[in-house]
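Thank you all for coming. I would like to take a few minutes to walk through one model, beginning with how far we may trust it and then moving to its aromatic residues and its strands.

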Amino acid sequence: KKTSIKKHVLSHKKVNKRVNLRYLGVAALIGISVLTASIMTVPAIATQMPFVQSILTYFEEEALPKQYDDLATIVNQVQSSNGIDIMIENAVYDGTSLIVTYAIQTEAELGDHPLSEGYFDIKGTSGTGGTAEIKKMNDHTYVGIDKVTPHFDGKSPNEILVQWEPRVFTNYQTNQQFEGDWKFEFSLAPLPTNVQPLNQSVKEDGITLVLKSLEQSEMTAVLDYEFYVDAMILQDSPFITIDMIEVKDNLGNVYEVNGNGGVSYDNGVSNESSTTVYSLDPNAETLTITPHVHYSKGSGAVNEKKNMKPITIDL
């Protein structure tokens with residue numbers, strides 16, 4: 001079984017791409033020292049973390065869907081370990097992808113864009129893909145956003161159980177690591193959605209792309225798609241991914257797109273994937289989507305990129 005991230009991240013963005021294959025996670029835990037953690041109530045720590053109720057104000061407008069603040073579930077869990085306080089403010093699950101926002105306060109110097117070793121783990125999945133970003137706001141304050149797409153063996157459950165153990169934060173400017181014992185757990189129900197079957201396809205250069213469905217909630221529109229690759233192409237480029245690099249509607253709106261990763265069960269011949277469109281205009285009547293193919297020999301090296309013909313779907 002092969003699970004791979006399909007999101008193409010521009011090089012100027014400090015974003016960490018993650019893949020969690022559950023079977024490979026045990027060895028990574030060996031050797032990490034365990035420190036005492038204390039679960040603190042929000043009022044008790046609020047005097048030390050004045051940004052507790054305003055984490056979202058630190059994010060750029062395009063980082064989150066417009067409706068995120070209104071639709072997200074308030075989590076407000078705070079833990080402290082080894083002089084580092086972490087607070088998960090809120091989170092939302094649209095039935096396909098999880099978005100979590102959190103803040104960190106510490107006297108330690110974590111660098112401009114630190115990364116945590118632990119990932120957000122969703123129980124019942126065979127693996128997850130997604131992106132994560134933590135950025136420094138001032139000398140002691142950092143904010144983070146994780147976008148995680150779980151791959152379930154079967155239908156997505158009516159409620160997901162989310163766990164997060166960051167374990168280590170690394171300052172990549174100095175290579176200094178800061179260990180701790182933070183453990184978060186919370187549940188989320190998916191937003192109500194409406195599924196529109198599509199079954200539109202296009203074939204180019206030995207690759208067949210099939211748009212399966214568009215699942216809309218108040219916050220997002222999730223495009224599910226599959227693609228099939230001829231065996232001759234896989235001999236030269238065994239890792240093929242397709243992103244949706246541009247989505248625009250008939251009103252002229254161009255949308256922020258977040259790749260959700262994908263999975264192949266037959267070494268890349270057939271692939272299942274999805275992408276999320278944020279804040280779709282309710283008056284839009286059509287969406288025009290441009291697929292972008294990445295050809296790779298492996299190890300993250302992309303040896304060719306090519307756009308497919310845009311596809312227009314009716315809403």
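Before any geometry, a word on pLDDT, which is the predictor's confidence in each residue, on a scale from 0 to 100. What you have in front of you is a predicted model, and its mean pLDDT is 81, with 79% of the residues of the protein at 70 or more. Confidence is lowest in strand 1, residues 2-4, where the mean is 37, and it is highest in strand 14, residues 184-188, where the mean is 96. Throughout residues 1-52 the pLDDT stays below 50, although in the model this stretch has 125 contacts beyond near neighbours in sequence. Where pLDDT is low, the predicted coordinates should not be read in detail, and I will therefore leave those contacts aside.

Let me turn to Trp-164, which belongs to strand 11, residues 160-164. Is this residue buried or exposed? With a relative accessibility of 1%, Trp-164 counts as buried, because the cut-off for that word is under 20%. If we set aside its neighbours within four places in sequence, the residues in contact with Trp-164 include Ile-86, Ile-88, Tyr-102, Phe-120, Trp-182 and Phe-184. Gly-118 is also among those contacts, and the side chain of Trp-164 reaches the backbone oxygen of Gly-118 at 3.5 Å. As for the backbone, the C-alpha atoms of Trp-164 and Ile-122 are separated by 8.8 Å, while along the chain these two residues are 42 residues apart.

Now to the rings themselves. How many aromatic pairs does a search of the whole structure find? The search finds 5, and one of them is formed by Trp-164 and Phe-184, a stacked pair with 5.7 Å from centre to centre and 25° between the planes. This pair links distant parts of the chain, since Trp-164 is in strand 11 and Phe-184 in strand 14, 20 residues apart. Both partners, Trp-164 and Phe-184, are buried.

A second pair, Phe-169 with Trp-182, is edge-to-face, because the planes of the rings stand at 70°, with the centres 5.4 Å apart. Phe-169 lies in strand 12, residues 168-171, whereas Trp-182 lies in the loop between strand 13, residues 176-179, and strand 14, so that the pair ties together parts that are 13 residues apart in sequence. Phe-169 is buried, at a relative accessible area of 0%, and Trp-182 is buried as well, at 1%. Returning to Trp-164, ring pairs link this residue with Tyr-102, Phe-120 and Phe-184 into a cluster.

That brings me to the strands. Strand 12, which carries Phe-169, takes part in an open sheet of 3 strands in the order 7-12-13, with antiparallel pairing. Strand 7, residues 115-116, and strand 13 stand at the edges with a single partner strand each, so one side of each has no neighbour in the sheet. Strand 12 and strand 13 are joined by 4 bridges, and Asn-171 stands opposite Gln-176 of strand 13.

Finally, please look at strand 9, residues 125-136, where 10 of the 12 residues are buried, so that the strand is largely enclosed by the rest of the structure. Strand 9 pairs with strand 10, residues 141-152, in the antiparallel sense over 11 bridges, and the two form a hairpin with 4 residues between them. One bridge you can find there is that of Lys-136, whose partner in strand 10 is Tyr-142.

How values were computed:
Residues are numbered from 1 along each chain as its sequence is written. This is a predicted model: local features need pLDDT of at least 70, side-chain atom pairs count only at pLDDT 80 or more; totals for chains, interfaces and linings use all residues. Side-chain values use heavy atoms; hydrogens and water are left out. Contact means heavy atoms within 4.5 Å. Buried means under 20% relative accessible area, exposed over 50%, partly exposed in between (1.4 Å probe, protein chains only). A polar contact is a pair of N or O atoms within 3.5 Å; within protein, one must be able to donate a hydrogen and the other to accept it, and residues adjacent in sequence count only if both atoms are side-chain atoms. Rings of Phe, Tyr and Trp (its six-membered ring) pair if their centres lie within 6.5 Å; planes under 30 degrees apart count as stacked, over 60 as edge-to-face and the rest as tilted. Two strands pair if DSSP finds at least two bridges between them.
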